[in-house]
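Welcome! Here is a short tour for anyone meeting this protein model for the first time. Have a look at the sequence and the fold, and then read on.

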Amino acid sequence: MEPILEVEALKKVYGRAANRTTALNGISFQVMKGEFLGIMGSSGSGKSTLLNCIATVISADSGKILMDKTPVQNLKGAALAEYRGKKIGYLFQNFELLDNLTGRENILLPLSIHNVSEKESGERLSRLASYLEIEEVLDKFPAQMSGGQKQRIAAARALILNPSMVLADEPTGALDSKNANTLMTKLAGMNEDEDTTILMVTHDCSAASFCKRILFIRDGELFHELRRDVPGESRTSFYERIVNVVACMGGGSANVI
């Protein structure tokens, strides 16, 4: 199977001289199509910097990021807009919904920007709304929604353009345990049923247990890797293995942010 994303020897340094901080120190890995990959690490480990480099929010100092064999760093103008709009979908911790738009309008906004037909937009919205169970809040404004409903609206917006990969940045960070479990169940379901590729940064061991593979980052370098490839392994068992790695990294799960 061909990788959809390739990260090669990625480096990122902040500051200069005495204030110099290495956020990424030569990280390399691949994400395969249809994979659900989690990234975990302590505060300042570099995982958010990594996600932002992939999303082209910031630029790496050296190394390569290839999406479908195309160097992301070389993209300009329309090609960069196409990458940000259609190749990746971004799911934020704090929803990032527009308060003056309804749930329906928030979800459909990327489609209008990329000139998707009204008929196709309606079909995509109907399918996602049904799967994510958000039909009842489509015509409500964000202020009228619960945190879980906002995040599922945000998930629909991230998925509406059928991106090659979804980047999820602490998607359960603003949710209670019940809503977090609901969201993760839906994302894992889309990964299984729709072959949706997901790359997720999370501090939550429970959320991470929905992944198929987890990369642990420490001091800007890969520290350990876990795969949920034991035949018949339960999510509870995988969760326990995650917690054990977190403990080896020097803190409880609450410190893995």
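Two strands are said to pair if DSSP finds at least two bridges between them. With that in mind, take strand 3 (residues 36–41) and strand 9 (residues 213–218): they run parallel and are joined by five bridges. Please keep in mind that this is a predicted model.

**The sheet**

The wider picture is an open sheet of six strands, in the order 6-7-8-3-9-10, with mixed pairing. At its edges are strand 6 and strand 10 (221–227), each of which pairs on one side only. On average, neighbouring strands of this sheet are turned by 20° against each other, direction ignored. As a general point, the strands of a sheet pair through backbone hydrogen bonds, either parallel or antiparallel.

Here are three of the parallel pairings, each with one pair of bridge partners or opposite residues.

| Strands | Bridges | Example pair |
|---|---|---|
| Strand 3 and strand 9 | five bridges | Gly-41 and Ile-217 |
| Strand 3 and strand 8 | four bridges | Leu-37 and Leu-199 |
| Strand 7 and strand 8 | four bridges | Ala-168 and Met-200 |

**Helices across the sheet**

Two helices can be placed against these strands. Helix 6 (residues 177–194) lies across strand 3, strand 6 and strand 8 (198–201), and it runs at about 135° to strand 3. Helix 8 (residues 235–248) lies across strand 3, strand 9 and strand 10, running at about 160° to strand 10.

Are the side chains on the two faces of strand 8 buried or exposed? Both faces are covered: Ile-198 and Met-200 on one side are buried, and so are Leu-199 and Val-201 on the other.

**Two loop residues**

Pro-163 belongs to the loop between helix 5 (147–159) and strand 7. Its relative accessible area is 13%, so Pro-163 counts as buried, the cut-off being under 20%. Leaving aside residues up to four places away in sequence, Pro-163 touches Lys-86, Lys-87, Ile-88, Gly-89 and Ala-158. Pro-163 and Arg-84 are 79 residues apart in sequence, while their C-alpha atoms are 9.3 Å apart in space.

Leu-98 sits in another loop, between strand 6 (88–91) and helix 3 (103–113). With a relative accessible area of 40%, Leu-98 is partly exposed, because this value falls between the 20% limit for buried and the 50% limit for exposed. Together with Leu-109 and Ile-113, Leu-98 forms a nonpolar patch on the surface, and the three share about 260 Å² of accessible area.

Key. Residues numbered from 1 in each chain as written. Predicted model: local features only at pLDDT ≥ 70, side-chain atom pairs only at ≥ 80, totals over all residues. Heavy atoms only, no water. Patch = residues over 30% accessible without salt bridge, like charges linked within 9 Å, V, L, I, M, F, W, Y side chains within 5 Å. Areas by Shrake-Rupley, 256 points an atom, 1.4 Å probe, with all protein chains shown as cover. Salt bridge = Lys/Arg side-chain N within 4 Å of Asp/Glu carboxyl O. Buried < 20%, exposed > 50% of the residue type's maximum accessible area, 1.4 Å probe, protein only. Axes fitted to C-alpha atoms, helices over the stretch in contact; angles between N-to-C directions. Contact = heavy atoms within 4.5 Å.
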